Number of protein chains: 2
Amino acid sequence: LPAEAAPSYVWVAELPDAGARIALSPEESHYLAHVCRARVGDPASGTDGRGGLATLRLTVVGGVVEARVESVERAAPTRTAWLLCGAPEGARSDWLVEKLAELGVAVLQPVDCRRGVWKAGRDRQERWRRLAVAALRQSRRRFLLEVREPLALTAALAAVDPGARRWIADPIGPRASCIQPPEHGASVGLVGPAAGLDQDERDEVVSLGHEPMSLGDGRLRVETAGLAWAAWWSAGAGGKSPKGPELR
Amino acid sequence: LPAEAAPSYVWVAELPDAGARIALSPEESHYLAHVCRARVGDPASGTDGRGGLATLRLTVVGGVVEARVESVERAAPTRTAWLLCGAPEGARSDWLVEKLAELGVAVLQPVDCRRGVWKAGRDRQERWRRLAVAALRQSRRRFLLEVREPLALTAALAAVDPGARRWIADPIGPRASCIQPPEHGASVGLVGPAAGLDQDERDEVVSLGHEPMSLGDGRLRVETAGLAWAAWWSAGAGGKSPKGPELR
């Protein structure tokens, strides 16, 4: 479906079953009323960002938009990606959040390392949530990027799915282009802070099974490496697979 | 060499042969004197962004930094990437420039299409040049990203190396993860504007040999698709190749 012909796509915190009526958040109401210029009676698609996807029919369009849920379909993810990410320099984390959400990453876990710690930011989590929701609408995804509070490296590593495949960005590792991204299950990428991991941290990460992966032939900024890893992972779904056509 | 131990890395518009003395631009002088806190007698690396790489010895550090060229090595690129890119929405092109430069793309050619035209921006080219130079320093590259003035699609396509391999971002194409990025020669990626190419434009592009490539399973913003393509290409160099260790 070309973008312009598809119904508007919004995020709904809780998606009740078919037949229920819901009121959208101020943010999503504004988006429908003023950006999409929706009218009463229009259809819309709504996702809860946890795999639920509903067909909605708008019943009230105003400061608050209300809708009737016509049908709901709920799905579990078949593949997920977590990015454990050291602190980028400056204000580069906002667009990292936006781009990871577009690329379908499930969790961004900021990690505090010996050579780099995330700075506290006022209203940061709320701003990141808004950016993630906007990217979810844009890319019409069913799973919302979750941006967690920063954790120390050891704690962040301990929170990862024990069955996940794990990588660490490393310029002397095998090339990403020679590693096939998993089509199923959990994948975890780790990118150190600008000054890198120290030897103890690196040993810890490698002992947990993170495999080195080179993302190119230059020194990448933290957020660029995080994004390149997510793009590598994202390219393992959608489009046609070698086994035949398999579109989303 | 860990970043902190390597000499400062600067861009020099013209790199004369060994023995010559050069004065750095105000921008690079500021970077050396105030960001790197360099002193007279310190070594530095200088590139002209066209493959030249020099060892410099600083002779004057002040408002203008001067240096003696101790040695120069000149190289031609073994692989290049051009991105032909439709207009992104809003002010998203600045970071696209920065990220493409980090990933080693040679040319960003903005393309004007029927459904999307690049907006003129005051001092845009100068700002993009500064961003590209900063990314070149950051990633210690020898080739500077060139950001060209926007061209109509047909003109942009005509300017491409006739021997280049060509792709077009297309959600129903084969997955990028199933396509090996070229290790040599010219590669060209094309990303349409937010509203897409129209059918005539698409036919034109395909008739010139651009092969479809899916970059993931979601709808990506223009700049995210451009960056995902560049990350795919970039992952085809550096690190270890399957033929054995081959580091930059």
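These are my notebook entries on a predicted model with chains A and B.

**Entry 1: how the two chains relate**

I began with the symmetry. Chain A superposes on chain B after a rotation of 180 degrees, with 0.0 Å of shift along the axis and an RMSD of 0.0 Å. The two copies are thus related as by a two-fold rotation axis. I then asked myself through which surface the copies meet. Of the interface residues of chain A, 98% are also interface residues in chain B, so the copies meet through the same surface.

**Entry 2: the interface**

Next I looked at the contacts, and found 51 residues of chain A touching 51 residues of chain B. Between them the chains bury about 4,400 Å², with 47% of it on carbon and sulfur atoms. On the chain A side, I noted that A:Arg175, A:Asp217 and A:Arg219 lose the most area to chain B, together 20% of what that side buries. How many salt bridges does the rule find across this interface? I get 12. One that I looked up pairs B:Arg221 with A:Glu98, and their closest N and O atoms are 3.4 Å apart.

**Entry 3: a residue that reaches across**

B:Ala231 caught my eye next. This alanine sits in helix α6 of chain B, residues 222-234. Is B:Ala231 buried or exposed? Its relative accessibility is 6%, which is under the 20% cut-off, so I put B:Ala231 down as buried. Leaving aside neighbours within four places in sequence, B:Ala231 is in contact with A:Ala228 and A:Ala231 from chain A, and with B:Leu103 from chain B. I also checked B:Leu100: its C-alpha is 8.5 Å from that of B:Ala231, although 131 residues separate the two in sequence.

**Entry 4: the five-stranded sheet of chain A**

Turning to chain A, I traced an open sheet of five strands in the order β1-β3-β4-β5-β2, with mixed pairing. Strands β1 (8-11) and β2 (21-23) stand at its edges with a single partner strand each, so one side of each is left without a neighbour in the sheet. From one strand to the next the twist averages 40 degrees. Four bridges tie β1(A) to β3 (residues 43-47), and these two strands run parallel. Within that pair, I found A:Ser8 opposite A:Ala44.

Then I looked for helices on this sheet. Helix α1 of chain A (residues 26-35) packs on the sheet and touches β1 and β4 (52-60), its direction making about 170 degrees with that of β1(A). Helix α3 (residues 124-139) lies across β1 and β3 of chain A, at about 150 degrees to β1(A).

**Entry 5: strand β11 of chain A**

Why do I call β11(A), residues 185-191, largely enclosed by the rest of the structure? Six of its seven residues are buried, so that description follows. I then listed strands paired with β11(A). Strand β6 (residues 79-85) runs parallel to β11(A) and is joined to it by seven bridges; here A:Trp82 has A:Val188 as its bridge partner. Strand β10 (residues 165-169) also runs parallel to β11(A), through four bridges, and A:Ile168 stands opposite A:Leu190.

**Entry 6: a serine in chain B**

My last stop was B:Ser29, in helix α1 of chain B (residues 26-35). With a relative accessible area of 0%, B:Ser29 is buried. Which residues is B:Ser29 in contact with, leaving aside its neighbours within four places in sequence? I wrote down B:Leu24, B:Gly63, B:Val64 and B:Val65.

Conventions:
Residues are numbered from 1 along each chain as its sequence is written. Chains are lettered from A and ligands numbered from 1 in the order in which they are written. This is a predicted model: local features need pLDDT of at least 70, side-chain atom pairs count only at pLDDT 80 or more; totals for chains, interfaces and linings use all residues. Side-chain values use heavy atoms; hydrogens and water are left out. Buried means under 20% relative accessible area, exposed over 50%, partly exposed in between (1.4 Å probe, protein chains only). Contact means heavy atoms within 4.5 Å. Two strands pair if DSSP finds at least two bridges between them. Copies are superposed by least squares on the C-alpha atoms of residues with pLDDT of at least 70 in both. Axes are lines fitted to C-alpha atoms, for helices over the stretch in contact, and angles run from 0 to 180 degrees between N-to-C directions. Buried area is the accessible area (1.4 Å probe) that two parts lose on being put together, summed over both. A salt bridge is a side-chain nitrogen of Lys or Arg within 4 Å of a carboxyl oxygen of Asp or Glu.
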